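Me: I would like a close look at the sheet in this model, and at how the helix that comes after it in sequence is placed. Please keep to what the coordinates support.

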Amino acid sequence: MIGRRLSRTATAMRAALTRPGPLLLAVAVGVAYLLGYLYAIGDLVVREGVGVGVAMPVADPLTHMLGRTGPVSFEAIAIVDLEPLRLLFSPLNTLLGVGLAVLVGINIAMSYLAVTQPRSCGLGATSGVLASVPALLSGSACCAPVVLLVLGIQASGLLLTALTWLLPVGIVLLIGSLVYLGGRIDPTPA
């Protein structure tokens, strides 16, 4: 039963990503999500008068990139300036963001397919979108110390625990949403 459900999910994903409409939507939403994620964790900043260029201020980037700045955020190894954006390039943060963006994009493409397929089983357009919220909110982990000052010491343990779990919960929800949608979508062309 699980194998059949996963097979059907893979077939539905292929159907969603081989059609121009859902594919374009998946790419657009994925790019927007990646930019939002990098902005939320502080790796992408909008600035004025930055100029264009790349700088690598660290001596040993391979070991430096493994340094943590939070529960699920890592050190940057380069600065990329593209007027008016500045990206603090952290390979692991970017890889995590790309993985989440792919999951969100596929969820959106499959939700689009579910809504536009007349034979799909009554799914709403937000089926895959809601699963992406905890993963995006995990970017607020970089701002947690400010929130902790406002809430006080008693709430800090609970809040830090919640922020640590937002990203894994978001990933599990996104994968669960894919499997759910995949089992409900009729992948045959409309």
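Reply: What follows takes confidence, then the sheet, then the helix.

The model is predicted, and its confidence is uneven. The average pLDDT of the chain is 75, and 72% of the residues score at least 70. Helix H2 (residues 20-40) has the highest confidence, with a mean of 91, whereas helix H6 (residues 144-151) has the lowest, with a mean of 45. Two stretches call for caution. Residues 120-128 have a pLDDT below 50, and this stretch makes 20 contacts in the model beyond near neighbours in sequence. Residues 134-151 also stay under 50, with 32 contacts beyond four places in sequence. Where pLDDT is low, the predicted coordinates should not be read in detail. The contacts of these two stretches are therefore left at their counts here.

The sheet is open and has four strands, in the order S1-S6-S5-S2, with antiparallel pairing. Its edges are strand S1 (44-46) and strand S2 (53-55), each of which pairs on one side only. On average, and with direction ignored, neighbouring strands of the sheet are turned by 15 degrees against each other.

Within that order, strand S5 (residues 78-82) and strand S6 (residues 85-89) run antiparallel and are joined by five bridges. A hairpin of two residues leads from S5 to S6. Two of the facing positions can be named: Asp81 has Arg86 of S6 as its bridge partner, and Ala78 stands opposite Phe89, again in S6. S5 also pairs with S2, in the antiparallel sense, over three bridges. In that pairing Ala55 stands opposite Ile79 of S5.

Phe89 gives a link from the sheet to helix H4 (residues 91-116). Thr94 is in helix H4, and its contacts, apart from neighbours within four places in sequence, are with Leu34, Leu38 and Phe89. Phe89 thus appears both in the pairing, opposite Ala78, and among the contacts of Thr94. Thr94 has a relative accessible area of 16% and is therefore buried, the cut-off being under 20%.

Gly99 also lies in helix H4. Its relative accessible area is 33%, so Gly99 counts as partly exposed. The C-alpha atoms of Gly99 and Gly30 are 9.5 Å apart in space, while the two residues are 69 apart in sequence.

Helix H4 also packs against helix H1 (residues 2-17), with the axes 9 Å apart and an angle of about 85 degrees between them. H1 and H4 are therefore roughly perpendicular to each other, as angles of 65 to 115 degrees are counted that way. On the H1 side the contact is made by Thr9, Ala12, Met13, Ala15, Ala16 and Leu17, and on the H4 side by Ile106, Ala109, Met110 and Leu113. Nine of these contact residues are nonpolar, one is polar and none is charged.

To put the part together: the sheet runs S1-S6-S5-S2, Phe89 of S6 faces Ala78, Thr94 of H4 touches Phe89, and H4 packs with H1 at about 85 degrees.

Notes:
Residues numbered from 1 in each chain as written. Predicted model: local features only at pLDDT ≥ 70, side-chain atom pairs only at ≥ 80, totals over all residues. Heavy atoms only, no water. pLDDT = per-residue confidence, 0-100. Contact = heavy atoms within 4.5 Å. Axes fitted to C-alpha atoms, helices over the stretch in contact; angles between N-to-C directions. Parallel < 35°, antiparallel > 145°, perpendicular 65-115°, else oblique. Nonpolar A, V, L, I, M, F, W, Y, C, P; charged D, E, K, R; others polar. Pairing = 2+ DSSP bridges. Buried < 20%, exposed > 50% of the residue type's maximum accessible area, 1.4 Å probe, protein only.
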